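Welcome, and thanks for taking a look at this one with us. Please open the sequence and the model side by side, then read on for a short tour.

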Amino acid sequence: MSYAYLFKYIVIGDTGVGKSCLLLQFTDKRFQPVHDLTIGVEFGARMITIDNKPMKLQIWDTAGQESFRSITRSYYRGAAGALLVYDITRRETFNHLASWLEDARQHANANMTVMLIGNKCDLAHRRAVSTEEGEQFAKEHGLIFMESSAKTAQNVEEAFIKTASTIYKKIQDGAFDVSNEFVDRMESKSVMEEYKDHQLEKGLLLKEELAVTESRR
Ligand SMILES: Nc1nc2c(ncn2[C@@H]2O[C@H](COP(=O)(O)OP(=O)(O)O)[C@@H](O)[C@H]2O)c(=O)[nH]1
Ligand SMILES: [Mg+2]
């Protein structure tokens, strides 16, 4: 299937906030309560349509690396969008948002669109962070904001799509040099192969890193 744009997304935030579950809900439309923590980067992909244009979202998951704070530069490189996730029932995950943003600012493209997500909104009775606080943080830092539940699927689809439409709008407004940063061409090989080739071409992904990623998949 062909697409007009391929966007790389990354998912960041503390361990246990539901990053992997959000990815699984978006790509597979299912919720798996206990996720197997493997070390290394895992990927998910899905096609969406924005403005009548087919777009491929390729989503990178930290797969547990965040617990060691050992997320590599290559994880952030070339990302057009980021979902920055906290857990509305765990205050500390909200308190750590600023440090996640600092990481992103250091390693990612300055034009990367960041969607702040207060996840687990199905657990209203255990809420420790109000919706207003989430909104306020997003406003202060120029982020888009939504509360979601990877369990009930509430706002999951919306969060990924809203992020894509914001990126698309930035492209329309000329904020990105698309040819340089993000792939815009027809799919021939598998998305992953093509993306890796693109990254290798641009010198964004070192061959050794690629080998590590491959061996873990
Ligand atoms: N109730 C509820 N539990 C969730 C939700 N999202 C994730 N979880 C649970 O939270 C735990 C951590 O989820 P996971 O996706 O592995 O978090 P990660 O470490 O950020 O990738 C798991 O036990 C999930 O079942 C949610 O939206 N609602
Ligand atoms: Mg995970």
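Which residues does F7 touch, not counting residues up to four places away in sequence? The answer is M55, K56, L57, Q58, A80, A164, I167, Y168 and I171. Please keep in mind that this is a predicted model. The chain holds 9 helices and 6 strands, and 50% of its 217 residues count as buried.

**Overall layout**

- Among contacts between residues at least 6 apart in sequence, 73% join residues at least 24 apart.

**Strand 1 and its partners**

- Strand 1, which covers residues 5–12, is mostly covered, with 8 of its 8 residues buried.
- In a regular strand, side chains alternate between the two faces of the sheet.
- On one side of strand 1 sit Y5, F7, Y9 and V11, on the other L6, K8, I10 and I12, and all of these are buried.
- Strand 3 (residues 53–61) runs parallel to strand 1, and 6 bridges join the two.
- Within that pairing, F7 stands opposite L57 of strand 3, and L57 is also one of the residues that F7 touches.
- Strand 4 (residues 81–87) is parallel to strand 1 as well, joined to it by 4 bridges.
- Here Y9 of strand 1 is found opposite G81 of strand 4.

**The nonpolar core**

- The largest nonpolar core has 56 residues, and those touching the most other members are F7, I10, L57 and L116.
- Helix 6 (residues 156–172) gives this core its largest share, 7 residues.
- In soluble globular proteins, nonpolar side chains tend to be buried together.
- F7 and I10 belong to strand 1's two covered faces, F7 on one side and I10 on the other.

**The largest pocket**

- The largest pocket encloses about 400 Å³ of space.
- It is lined by 23 residues, of which G16, V17, G18, C21 and K120 are the closest to its centre.
- Helix 1 (residues 19–28) supplies the largest share of this lining, 3 residues.
- Sorted by class, the lining has 9 nonpolar, 8 polar and 6 charged residues.

**Two lysines with positive phi**

- K29 is not a glycine, yet it has a positive phi of about 55°.
- You will find K29 in the loop between helix 1 and strand 2 (42–50).
- With a relative accessible area of 57%, K29 is exposed, because that value is over the 50% cut-off.
- K120, also not a glycine, has a positive phi of about 75°.
- The loop between strand 5 (113–119) and helix 5 (131–141) is the place of K120.
- K120 has a relative accessible area of 22%, so it counts as partly exposed.
- K120 appears in the pocket too, as one of the lining residues closest to the centre.

**T131 and its surroundings**

- Is T131 buried or partly exposed? At 24% relative accessibility, T131 counts as partly exposed.
- T131 lies in helix 5.
- Not counting residues up to four places away in sequence, T131 touches F145 and E147.
- M146 is 15 residues from T131 along the chain, and 8.8 Å separates their C-alpha atoms.

Terms used. Residues numbered from 1 in each chain as written. Chains lettered and ligands numbered in written order. Predicted model: local features only at pLDDT ≥ 70, side-chain atom pairs only at ≥ 80, totals over all residues. Heavy atoms only, no water. Buried < 20%, exposed > 50% of the residue type's maximum accessible area, 1.4 Å probe, protein only. Pairing = 2+ DSSP bridges. Core = buried A, V, L, I, M, F, W, Y, C linked by side-chain atoms within 4.5 Å. Contact = heavy atoms within 4.5 Å. 1 Å grid on protein atoms, 1.4 Å probe; cavity = no way out; pocket = protein on both sides within 12 Å on 5 of 7 lines; lining within 4 Å. Points joined across faces, edges and corners; volume = space filled by probe spheres on them. Nonpolar A, V, L, I, M, F, W, Y, C, P; charged D, E, K, R; others polar.
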